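Me: I should like to go through this structure by question and answer. Please reason briefly each time and end on the value or name requested.

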Amino acid sequence: MEHRQVDMTVQEQLEDLARNLRWAWHTPTRNLFRDLDPALWDRLGHNPVALLRRLDTARLEDPDVARRAAALLTDLRTHLTAGDRWYDGNGPTDRPLTAYFSAEFGITECLRIYAGGLGVLAGDHLKSATDLGVPLVAMGILYREGYFQQVLGSGGKQTERFEPADFDDLPLREVEGPEGVPLRVAAPFPGRHVLLRVWRADVGRVPLFLLDADLPENRAEDRALTARLYGGDEETRLSQELILGIGGYRALREMGIRPRSYHMNEGHSAFLGLDLVWDLMENESLELDAAIEAARHRCVFTTHTPVPAGHDRFAPDLMELYFTGVSRSMGIPLDTLLGLGRQDPDDEDEPFNMTVLALRLAEQVNGVSRLHGAVSREMWQPLWLDHEMDDVPIDFITNGVHLPSWVGERVGALYGVEPVDVGVDPRAPAPEPEALWRVHEELRGDLVERIRERTGVRLAPDVLTIAFARRFATYKRATLILGDVERLEALLNDRDRPVQLVFSGKAHPRDQGGKALIRQIAELSGTPAFRDRVVFVPGYDIDLARRLVQGADVWLNNPRRPLEASGTSGMKAAANGVLNVSILDGWWDEAWELAEAAGAAIGWAVGHGREALEEEEGDRADHRDLFRILEDHVVPAFYERDAAGLPRRWMAMMADAIRVVAPFFNTNRMVREYVERYMAAADQAMSAAG
């Protein structure tokens with residue numbers, strides 16, 4: 001961003017603010033854009049670039065707009081240039097650069113290049129990196145149609161609508177090469193190269209580069225490769241991961257960016273490790289084994305799922321088609337190359353596994369919670385048969401959430417610190433319970449009103465509200481609470497202590513089981529006994545998620561343990577004072593232990609760590625335990641009021657949830673751990689290797 005401001009018009013100042021995605025979590029800047037035209041802001045999906053292209057320019061003549069724009073632009077420039085961030089006093093003095101690769105990034109609702117928790121986690125990672133001053137660049141794909149728009153038809157049938165984005169309406173700019181012409185990067189494909197355009201989005205200080213194959217120079221079928229996130233068949237998925245890994249590595253090289261280390265967020269980007277090996281063989285004259293070892297020193301890999309379907313596998317004949325030319329260029333046998341992605345390198349019939357490739361090419365590997373680390377060591381122990389289970393080199397760094405993005409402005413103001421840049425100070429006191437309750441009641445009312453606008457369902461603004469919102473994968477058991485309809489009806493329609501349920505989330509287009517769960521909820525919500533007590537809200541995105549984690553009273557999470565690697569939605573809810581009712585899986589297993597050690601009550605644990613039961617028996621046992629908790633503990637605690645009509649015990653739990661969860665389960669802590677434990681180790685290993 002150029003440091004010109006004296007001669008800038010208000011329009012130009014606003015455009016500079018809109019072009020840096022810091023507005024996605026900087027509340028004063030978001031409020032300025034919203035105030036320019038609230039209805040247009042909502043209609044355009046909270047997109048300031050699109051807003052400014054359509055805004056009545058007379059609105060910019062308001063002196064207050066000019067004053068706010070100038071002050072916020074000054075503040076943004078301070079954020080971009082200030083040298084007193086955490087990293088400046090804690091990171092290596094030569095500021096080695098890390099490249100963070102991910103198939104999706106969830107930064108804001110108008111940039112639809114995310115599907116769910118993995119992408120939102122990646123977006124939160126970048127936001128904390130800029131808050132902390134960590135030297136980072138990021139690489140992803142700019143999907144023209146993004147992830148699908150969810151529409152519910154008759155009977156609750158999910159249909160998918162894909163809408164092409166107008167890139168001119170997004171906070172992006174095309175990257176130019178050294179001669180001032182648009183940069184083009186060639187990715188190797190069978191019998192041809194696919195050209196890639198590179199776009200840049202600025203996430204505070206962090207540049208996010210996004211690859212796009214929709215160019216007239218490419219064949220029609222190649223132009224469509226970057227159309228949809230997680231769309232198409234196995235070959236499309238392989239092509240996208242080749243674009244991300246090899247294309248992304250080469251794009252950085254073409255731009256003159258030479259990171260010291262690479263962070264692979266899930267296995268989708270693991271092909272970057274192959275291109276790094278190839279680069280080391282070509283330019284440092286290393287033999288294959290030495291190049292692999294050198295590459296491993298520079299790579300960090302975060303695995304996110306213990307569910308087998310979450311690990312991409314490709315058939316041997318497809319890999320042979322796509323990588324025969326690559327192996328020939330590298331000067332190594334194809335079987336040797338493909339063996340890097342097989343548990344048994346000598347089994348030519350074994351599919352190529354992207355997670356195996358990442359595990360073989362990264363020295364630092366981690367799961368995303370303590371329990372997930374243990375599950376991952378067990379899952380991948382066959383790669384280290386000479387190791388005892390506990391010695392398998394897979395550690396864990398528990399996920400977090402970017403608090404300024406998810407904590408409501410009115411709740412954050414009660415923390416006792418300003419959470420915009422630094423997160424929550426763990427030494428700060430918890431919010432005063434009565435003030436927190438008053439704010440939360442307003443947020444519940446806001447949520448109920450937004451649900452009415454979206455669905456027509458009239459929930460009550462003063463009724464205990466339980467939310468279940470996440471990806472509708474079957475193992476997450478969205479309908480566990482619906483297992484006994486008569487008992488549920490009695491719970492929800494109690495005259496003195498009613499309850500209402502809010503569901504939201506998307507099922508993958510090919511996940512018929514997940515779609516069936518949505519239909520079950522939608523059908524139930526339409527029956528007389530559950531009308532205005534149960535609602536499914538379609539179109540789950542970052543904006544709706546933000547409203548839910550701020551306005552619900554209870555956050556429900558009941559996956560089959562131990563299949564939830566971490567989960568982050570419950571962290572967002574707890575940081576707003578929302579109480580969790582959750583299976584002891586992923587992050588909640590750790591939070592529950594922290595709360596017990598602190599003598600704090602922050603919610604309720606379902607199942608008590610069960611995972612040995614058969615699937616159906618386990619579902620029945622967890623359903624019984626869930627209803628026992630709701631009937632005997634949750635509902636009584638919410639409706640237990642004092643003479644002033646206040647739920648004192650519930651309010652104290654809300655304050656405890658913030659006090660226990662917010663200081664640890666945030667991405668500022670998470671990013672610091674990656675820097676201190678993994679990036680520093682990679683830097684030291686490279687230095688030792690000379």
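Me: What share of the 690 residues of the protein chain counts as buried?
Reply: The model is a predicted one. A residue counts as buried when its relative accessible area is under 20%. Of the 690 residues of the protein chain, the share that meets this condition is 60%.

Me: How many helices and strands does the protein chain hold, and what is its radius of gyration?
Reply: The secondary structure comprises 27 helices and 20 strands. For 690 residues the globule rule gives 26 Å, and the chain lies close to that value, so it is as compact as a globular protein of that length. The C-alpha trace spans about 80 × 70 × 50 Å along the principal axes. The radius of gyration itself is 25 Å.

Me: Among contacts between residues at least 6 apart in sequence, what percentage joins residues at least 24 apart?
Reply: A contact requires heavy atoms within 4.5 Å. Among the contacts in the protein chain between residues at least 6 apart, the part that joins residues at least 24 apart is 73%.

Me: What part of the area exposed by the protein chain do carbon and sulfur atoms supply?
Reply: The protein chain exposes about 26,400 Å². Of this area, carbon and sulfur atoms supply 48%.

Me: How far apart are the mean positions of the positive and negative charges?
Reply: The protein chain has 78 positive and 110 negative charges. Taking the mean position of each set, the separation is 5 Å.

Me: Is His268 buried or exposed?
Reply: His268 is located in the loop between strand S9 (261-265) and helix H10 (271-283). Beyond its neighbours within four places in sequence, its contacts include Tyr230, Arg237, Glu241 and Asp312. The relative accessible area of His268 is 7%, which means that this residue is buried.

Me: How many disulfides does the structure hold?
Reply: Cys110 is buried at 13% relative accessibility, and Cys299 is buried at 1%. A disulfide would need a pair of cysteine sulfur atoms within 2.5 Å. The number of disulfides in the structure is zero.

Me: Which residue with a positive phi follows helix H24?
Reply: Helix H24 covers residues 586-598, and its buried residues include Trp587, Trp588 and Ala595. Among the elements that cover these buried residues are helix H15 (370-380), strand S19 (579-583) and helix H26 (648-661). After H24 comes a residue whose phi is near 65 degrees, namely Gly599.

Me: Which two residues does a cis peptide bond with omega of about 5 degrees join?
Reply: The proline of this bond, Pro562, is placed in the loop between strand S18 (554-557) and H23. H23 is helix 569-575, one of the elements that cover the buried residues of H24. With omega at about 5 degrees, the cis peptide bond joins Arg561 and Pro562.

Me: Is His46 buried or exposed?
Reply: His46 sits in the loop between helix H3 (38-43) and helix H4 (48-54). Its phi is positive, near 60 degrees, although the residue is not a glycine. At 5% relative accessibility, His46 is buried.

Me: What is the relative accessibility of Arg95?
Reply: Arg95 also belongs to a loop, the one between helix H6 (86-90) and strand S1 (98-101). Arg95 has a positive phi of about 50 degrees without being a glycine. The residue counts as partly exposed because its relative accessibility is 35%.

Terms used
Residues are numbered from 1 along each chain as its sequence is written. This is a predicted model: local features need pLDDT of at least 70, side-chain atom pairs count only at pLDDT 80 or more; totals for chains, interfaces and linings use all residues. Side-chain values use heavy atoms; hydrogens and water are left out. Helices (H or I, at least four residues) and strands (E, at least two) are DSSP runs, numbered from the N terminus. The radius of gyration is taken over C-alpha atoms; the globule rule is 2.2 Å times the number of residues to the power 0.38. Buried means under 20% relative accessible area, exposed over 50%, partly exposed in between (1.4 Å probe, protein chains only). Accessible areas come from the Shrake-Rupley method with a 1.4 Å probe; for residues, only the protein chains shown count as cover. Lys and Arg count as positive and Asp and Glu as negative; His and the chain ends are not counted. The place of a charge is taken as NZ of Lys, CZ of Arg, CG of Asp or CD of Glu.
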